[in-house]
Amino acid sequence: EKAVGAHLKNIASRADLRESGRALFKAILPEGTIGTTNLIVVPDGVLHRLPFETILDDQGDMLLVKHTIWYAPSGSVLNLLSSRSSAPA
């Protein structure tokens with residue numbers, strides 16, 4: 001919670017995000033956990049307020065540079081939506 005709060009404060013004040021963004025990356029997405037360019041985030045608690053696009057990876061790039069980030073409100077909703085077949089246009 002403290003790390004998210006510090007990062008959000010840096011965003012609001014337009015401060016440098018390198019330190020807080022990398023700290024969040026290490027805490028939330030440890031090395032080796034990202035194996036794709038598409039990330040689906042199902043946030044909980046304070047993570048609902050965190051724009052994951054602003055987290056910096058281990059190379060110092062914001063996640064939005066290399067990844068498409070999708071948000072889902074819950075695992076149940078994500079499962080329901082992924083199991084539905086799309087209707088013809």
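A polar contact of 3.1 Å joins the side chains of Asn10 and Ser20. Start there. The model is predicted, and this pair gives a way into its helices. Asn10 sits in helix H1. Ser20 belongs to helix H2, which spans residues 18-28. Asn10 has further partners beyond its neighbours within four places in sequence: Ala15, Asp16 and Leu17 are in contact with Asn10, as is Ser20.

Now take H1 as a whole. The helix covers residues 2-12. Its buried residues are Val4, His7, Leu8 and Asn10. Viewed down the axis of H1, these residues fall within an arc of 155 degrees, so they line one face of the helix. The face turned away from that buried side carries Lys2, Lys9 and Ala12, which are exposed. What do the buried residues of H1 pack against? They pack against H2.

Follow the chain out of H1. Ser13 lies in the loop between H1 and H2. Its relative accessibility is 48%, so Ser13 counts as partly exposed; the cut-off for exposed is over 50%. The side chain of Ser13 reaches back to the helix, with the backbone oxygen of Asn10 at 3.5 Å. Asn10 therefore appears in two polar links: its side chain joins that of Ser20, and its backbone oxygen is reached by Ser13.

Arg14 lies in the loop between H1 and H2 as well. Is Arg14 buried or exposed? Arg14 is exposed, with a relative accessible area of 79%. Its backbone deserves a look. Just after H1, Arg14 takes a positive phi of about 60 degrees. Most residues other than glycine have a negative phi. Arg14 is a residue other than glycine, yet its phi is positive.

Next comes H2. Ser20, Gly21, Leu24 and Phe25 are buried in this helix. Seen down the axis of H2, the buried residues fall within an arc of 140 degrees, so they line one face of the helix. Glu19, Lys26 and Ala27 are exposed on the other side of H2. Which helices does the buried side of H2 pack against? The buried residues of H2 pack against helix H1 and against helix H3, residues 63-66.

Turn to the region before H3. Asp57 lies in the loop between strand E1, residues 38-41, and H3. Where this loop residue sits relative to the surface is clear from its area. Asp57 has a relative accessible area of 5%, so it is buried; the cut-off for buried is under 20%. Its side chain is joined to that of Lys66 by a polar contact of 3.2 Å. Lys66 falls within the 63-66 span of H3. Not counting residues up to four places away in sequence, Asp57 touches Arg22, Phe25, Leu63 and Lys66. Phe25 is one of the buried residues of H2. Asp57 thus touches residues of H2, including Phe25, and residues of H3, including Leu63.

One feature of the surface remains. Ile40 lies in strand E1. Together with Val42 and Trp70, Ile40 makes a nonpolar surface patch of about 310 Å².

Trace the path once more. The buried residues of H1 pack against H2. Those of H2 pack against H1 and H3. Asp57, in the loop between E1 and H3, has a polar contact with Lys66.

Notes
Residues are numbered from 1 along each chain as its sequence is written. This is a predicted model: local features need pLDDT of at least 70, side-chain atom pairs count only at pLDDT 80 or more; totals for chains, interfaces and linings use all residues. Side-chain values use heavy atoms; hydrogens and water are left out. Buried means under 20% relative accessible area, exposed over 50%, partly exposed in between (1.4 Å probe, protein chains only). Helices (H or I, at least four residues) and strands (E, at least two) are DSSP runs, numbered from the N terminus. The arc is that of the directions from the helix axis to the C-beta atoms. Contact means heavy atoms within 4.5 Å. A polar contact is a pair of N or O atoms within 3.5 Å; within protein, one must be able to donate a hydrogen and the other to accept it, and residues adjacent in sequence count only if both atoms are side-chain atoms. Patches are made of residues with over 30% relative accessible area and no salt bridge: like charges are joined within 9 Å, nonpolar side chains (Val, Leu, Ile, Met, Phe, Trp, Tyr) within 5 Å. Accessible areas come from the Shrake-Rupley method with a 1.4 Å probe; for residues, only the protein chains shown count as cover. A salt bridge is a side-chain nitrogen of Lys or Arg within 4 Å of a carboxyl oxygen of Asp or Glu.
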